[in-house]
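Here is a short report on a structure. Look at the chains first, then read on.

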Amino acid sequence: MKKAISSALLVSFSMAAGFAMAQSATDDIAKYREMIADGNPAELYEAAGEDIWAKPMGPKNVSLQKCDLGLGPGVVKGASAQLPRYFKDTNKVQDLESRIITCMERLQGYDAKEIINAGFEKGKRKDVEAVVAYVVTASKGMKINVPMKHPKEKEMYAMGEKAFFFQGGPMDFACASCHAEDGKRIRLQDLPNITEQKGAALGYGYWPAYRVSSGNFWTMQRRLNDCYRQQRFPEPIYTSDVTIALSVYMGVKAKDGVIHTPGLKR
Amino acid sequence: MKKLHLILSAALVVATSTTVMAQSKFEKDHAASFKANGQAGMDRLERDDAQKFCSDPAALAGKGDPKKRAAIEKANMATIKQPSDGKYLGNWQEGERIAQSGRGATWTDKAGTPNGGGCYNCHQINKKEISHGNIGPSLWNYGKLRGNSEAVVQYTWGKIYNAKAYNACSNMPRMGHLKVLTEDQMRHVMALLLDPESPVNQ
């Protein structure tokens, strides 16, 4: 059993390096996923996030327990299933991460800019990531239900669609270059067709996820950041409009898909 | 005098076309969401005509204004430079290395290091490499099936140099035109596809 896990891990690592591997690699990864389905390492992040959520912290020394993620103060269950969404108090459409930062700023007195300018896994950003793991686990098994009623939600969807098809950079890439057709692969990695419900749900329903090849938990913001890196674009600013708009686009497309977060990825 | 007048009006046209190219609201909001990092500067969000045209989902799917499409293909065709010394084929072993590497040009890559071609990301090439993508067609036996007549060689060079010359919204990067690969690197990739000795043609 242990041997099987480590060989599956090795396969994942060689895939990350982008070199030759056995055709059965995707099967092996599926097997590996099955084996550790009851022990996704994301659980460690989730447990840390649960503690951070409940612990009084920051300049105001209060917890996040009154944080409103869209279903009322303190409601975590089902919250990520309906994000991003419009929030009246900020007059903005926010995804889970930008909303957690709003709570850290308004309830606890942290400096939002500092969190936005920090790198992934750096400083207070690390706490945001752990809280994400906690919150998304509480929507596991539920259906994706990202709203598109408020005019600002509709605006963000439209922006997300345009961003998805925006072709640029030295390699002429857009999100659509890889994610607008069925049955496509980069090397052996299957690429979901995000322009349709099924593919969108495959992407949106499994992120955030624990990423085996890098050995850490990736939020949706981090997933998108790395997509843009590989697109050879400049770097998207953490929680910027484009990143939230893309989540709205994917989430709305993925409506009624089942949430499997935190996922387990290669 | 007449010549001066011509130069002046040409300068005027250039000046107006740059001012006319004001950003749309979307382009402004979109750009405001990014920051330059390393070699990945903000200029990468400035799209040429082809990139703008292909940012429309209909155009990407092969529809859209056929006249515009033809004009884009013509303009891209005009960018293709045949190799300076008339030599098209390099070394297929080098070509295989370039085809394997998907590195380069991201904000985590050091500027000035050679880019890979990333060919296997999307194409089957040497059948022995089973980890290949399928966004582009299989290139197995590329030269064996087509031979290496002047027409085939020049077309292949052109396709690698600027794929949008043949299909305005091709998903293939314009390796030569946008300087992803050097002329020498393209010669090596050419050899991988066309050299009768290349494993691709066995």
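The report below goes from whole chains to the contact between them, then to single residues.

## The two chains

This is a predicted model. Chain A contains 11 helices and 8 strands. Chain B contains 10 helices and 1 strand. Read along its sequence, chain B goes α-α-β-α-α-α-α-α-α-α-α.

How much of each chain is buried? In chain A, buried residues make up 51% of the 266 residues. In chain B, 39% of the 202 residues count as buried.

Contacts can also link distant parts of a sequence. Take the contacts in chain A between residues at least 6 apart: 67% of them join residues at least 24 apart. For chain B, residues 24 or more positions apart account for 59% of the contacts with a separation of 6 or more.

## Where the chains meet

How many residues of chain A are in contact with chain B? There are 37, and they are in contact with 39 residues of chain B. On the chain A side, the elements that give two or more residues are α7 (151–165), α8 (175–179), β3 (184–186), α10 (220–230), β7 (235–236) and α11 (241–253). The largest share, 4 residues, comes from α7(A). By class, this side of chain A has 19 nonpolar, 9 polar and 9 charged residues.

Strands also cross from chain to chain. β7(A) is joined by 2 bridges to strand β1 of chain B, residues 34–35. The two strands run antiparallel. Here Glu235(A) stands opposite Lys35(B) in β1(B).

## The core and two helices

In soluble globular proteins, nonpolar side chains tend to be buried together. The largest nonpolar core in this model has 105 residues. Which residues touch the most other members? They are Val131(A), Val135(A), Ala245(A), Val248(A), Val189(B) and Met190(B). Domain 2 (42–137) and domain 3 (151–265) of chain A both give residues to this core, so the core lies between them.

Now follow helix α11(A). It has 13 residues. From its first C-alpha to its last it reaches 18 Å, close to the 18 Å expected at 1.5 Å a residue. Is this helix enclosed or open? 13 of the 13 residues of α11(A) are buried, so the helix is largely enclosed by the rest of the structure. Ala245(A) touches Met156(A), Met159(A), Gly160(A) and Ala163(A), leaving aside residues up to four places away in sequence.

Chain B offers helix α6, residues 92–100. Its buried residues are Trp92(B), Gly95(B), Glu96(B), Ile98(B), Ala99(B) and Gln100(B). These buried residues pack against α7 (119–122) and α10 (183–194) of chain B.

## Two lysines

Lys255(A) sits in the loop between α11 and β8 (263–265) of chain A. Is Lys255(A) buried, partly exposed or exposed? It has 16 other C-beta atoms within 10 Å, so it is partly exposed. Leaving aside residues up to four places away in sequence, Lys255(A) touches Ile144(A), Asn145(A) and Gln197(A). Pro147(A) is 108 residues from Lys255(A) along the chain, yet their C-alpha atoms are separated by 9.1 Å.

Lys113(A) belongs to helix α5, residues 112–117, of chain A. With 10 other C-beta atoms within 10 Å, Lys113(A) is exposed. Lys113(A) and Glu155(A) are 42 residues apart in sequence, and their C-alpha atoms are 25 Å apart.

## Backbone details

Most residues other than glycine have a negative phi, and most peptide bonds are trans. Four places in chain A are worth a look against that background. Two involve the angle omega, and two involve phi.

| Place | Angle |
|---|---|
| Leu83(A) to Pro84(A), cis | omega about 0° |
| Trp207(A) to Pro208(A), cis | omega near 0° |
| Asn61(A), positive | phi near 50° |
| Glu121(A), positive | phi near 65° |

Where do these residues lie? Pro84(A) is in the loop between α3 (42–54) and β1 (85–87) of chain A. Asn61(A) is in the loop between α3 and β1 of chain A. Pro208(A) is in the loop between α9 (197–204) and β5 (209–211) of chain A. Glu121(A) is in the loop between α5 and α6 (124–137) of chain A.

Why do Asn61(A) and Glu121(A) count as exposed? Asn61(A) counts as exposed because it has 10 C-beta neighbours inside 10 Å. Glu121(A) has 12 C-beta neighbours inside 10 Å, so Glu121(A) counts as exposed. The cut-off for exposed is 12 or fewer.

How values were computed:
Residues are numbered from 1 along each chain as its sequence is written. Chains are lettered from A and ligands numbered from 1 in the order in which they are written. This is a predicted model: local features need pLDDT of at least 70, side-chain atom pairs count only at pLDDT 80 or more; totals for chains, interfaces and linings use all residues. Two residues are in contact if their C-beta atoms, placed from the backbone, lie within 7 Å. Ala, Val, Leu, Ile, Met, Phe, Trp, Tyr, Cys and Pro count as nonpolar, Asp, Glu, Lys and Arg as charged, and the others, Gly among them, as polar. Two strands pair if DSSP finds at least two bridges between them. A residue is buried if 20 or more other C-beta atoms lie within 10 Å of its own, exposed if 12 or fewer, and partly exposed in between; C-beta atoms are placed from the backbone. The expected span of a helix is 1.5 Å times one less than its number of residues. A nonpolar core is a set of buried Ala, Val, Leu, Ile, Met, Phe, Trp, Tyr and Cys residues joined through C-beta atoms within 7 Å. Domain bounds come from an automatic or database domain assignment.
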